[in-house]
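Good morning, and thank you for making time for this presentation. Please look at the sequence and the structure as they come up, and keep them in view while I speak.

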Amino acid sequence: MTKGKAEKLICEELSRLMKLHMGKGPEVIKCNIVKDCVLVRKQGILTPSEQILARSEQGSQLIKEARQEIMGLVRNEFEDVITRTLGCRVLSLHTDIDVRRDERVEVFILDKAVGFEE
């Protein structure tokens, strides 16, 4: 598999999981595989209800906490996408959401660098 195909597949699968578990997939998703890391940036992720909550600081904090809790419960499914696509084990997943910018970043750390076909 080429790097571009792997990145596209990861984007499609992570979007599908987000829609399933969060009720809405990202409007824009980008994936970049760099050695032993997979970097994913998702934009336009908030639901209409969350967009209303995001107008206040307390609401933004609630969104962040709820999304982190949900991710903690379903993270294995997200990690499985990476493992199935790349054939590498995920050692750790680091994620954060910026409610004000309506985006989320995920960094998957792998057990080895990924090699691709030319």
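I begin with one pair of residues: Asp98 stands opposite Glu103, which belongs to strand 4. Please bear in mind throughout that this is a predicted model.

That pair lies where two strands meet. Strand 3 and strand 4 run antiparallel and are joined by eight bridges. The two strands form a hairpin with four residues between them. In the turn of that hairpin sits Asp102, with a positive phi of about 55 degrees. In general, most residues other than glycine have a negative phi. Asp102 is not a glycine, yet its phi is positive.

Let me stay with Asp102. Is Asp102 buried or exposed? Its relative accessible area is 18%, and because the limit for a buried residue is under 20%, Asp102 counts as buried. What, then, is the nearest side chain of opposite charge to Asp102? It is Lys24, 5.8 Å away, and Asp102 has no salt bridge. A salt bridge would require a distance within 4 Å. The side chain of Asp102 does, however, reach the backbone nitrogen of Ile45 at 2.9 Å.

Which residues surround Asp102, apart from its neighbours within four places in sequence? Asp102 is in contact with Lys42, Gln43, Gly44, Ile45, Leu46 and Gln51. As a further reference point, the C-alpha atoms of Asp102 and Pro26 are 9.6 Å apart in space, with 76 residues separating the two in sequence.

I now turn to the sheet as a whole. It is an open sheet of four strands in the order 1-2-4-3, and the pairing is antiparallel. Its edges are strand 1, residues 28–34, and strand 3, residues 90–98, each of which pairs on one side only. On average, neighbouring strands of this sheet are turned by 10 degrees against each other, direction ignored.

Two helices should be placed relative to these strands. Helix 1, residues 3–22, packs on the sheet and touches strand 1, strand 2 and strand 4. The direction of helix 1 makes about 135 degrees with that of strand 1. Helix 3, residues 57–86, lies across strand 1, strand 2, strand 3 and strand 4, and runs at about 140 degrees to strand 3.

Next, the edge formed by strand 1. Strand 1 and strand 2, residues 37–43, run antiparallel and are joined by seven bridges. Within this pairing, Val28 stands opposite Gln43, and Ile29 stands opposite Lys42. In a regular strand, side chains alternate between the two faces of the sheet. In strand 1, the covered face consists of Ile29, Cys31 and Ile33, while the uncovered face carries Val28, Lys30, Asn32 and Val34.

Strand 1 and strand 2 also form a hairpin, with two residues between the strands. Lys35 lies in the loop between them. Like the turn residue discussed earlier, Lys35 is not a glycine and has a positive phi, here of about 50 degrees. Is Lys35 buried or exposed? At a relative accessible area of 64%, Lys35 is exposed.

Finally, I come to the segment after strand 4, where Val114 is found. Val114 counts as buried, at 16% relative accessibility. Setting aside neighbours within four places in sequence, Val114 is in contact with Ile33, Lys35, Leu86 and Cys88. One of these, Ile33, belongs to the covered face of strand 1. Between Val114 and Glu12, the C-alpha distance is 19 Å, with a separation of 102 residues in sequence.

I would ask you to take away two turn residues from this predicted model: Asp102, which is buried, and Lys35, which is exposed. Thank you for your attention.

Terms used: Residues are numbered from 1 along each chain as its sequence is written. This is a predicted model: local features need pLDDT of at least 70, side-chain atom pairs count only at pLDDT 80 or more; totals for chains, interfaces and linings use all residues. Side-chain values use heavy atoms; hydrogens and water are left out. Two strands pair if DSSP finds at least two bridges between them. Axes are lines fitted to C-alpha atoms, for helices over the stretch in contact, and angles run from 0 to 180 degrees between N-to-C directions. Contact means heavy atoms within 4.5 Å. Buried means under 20% relative accessible area, exposed over 50%, partly exposed in between (1.4 Å probe, protein chains only). Lys and Arg count as positive and Asp and Glu as negative; His and the chain ends are not counted. A polar contact is a pair of N or O atoms within 3.5 Å; within protein, one must be able to donate a hydrogen and the other to accept it, and residues adjacent in sequence count only if both atoms are side-chain atoms.
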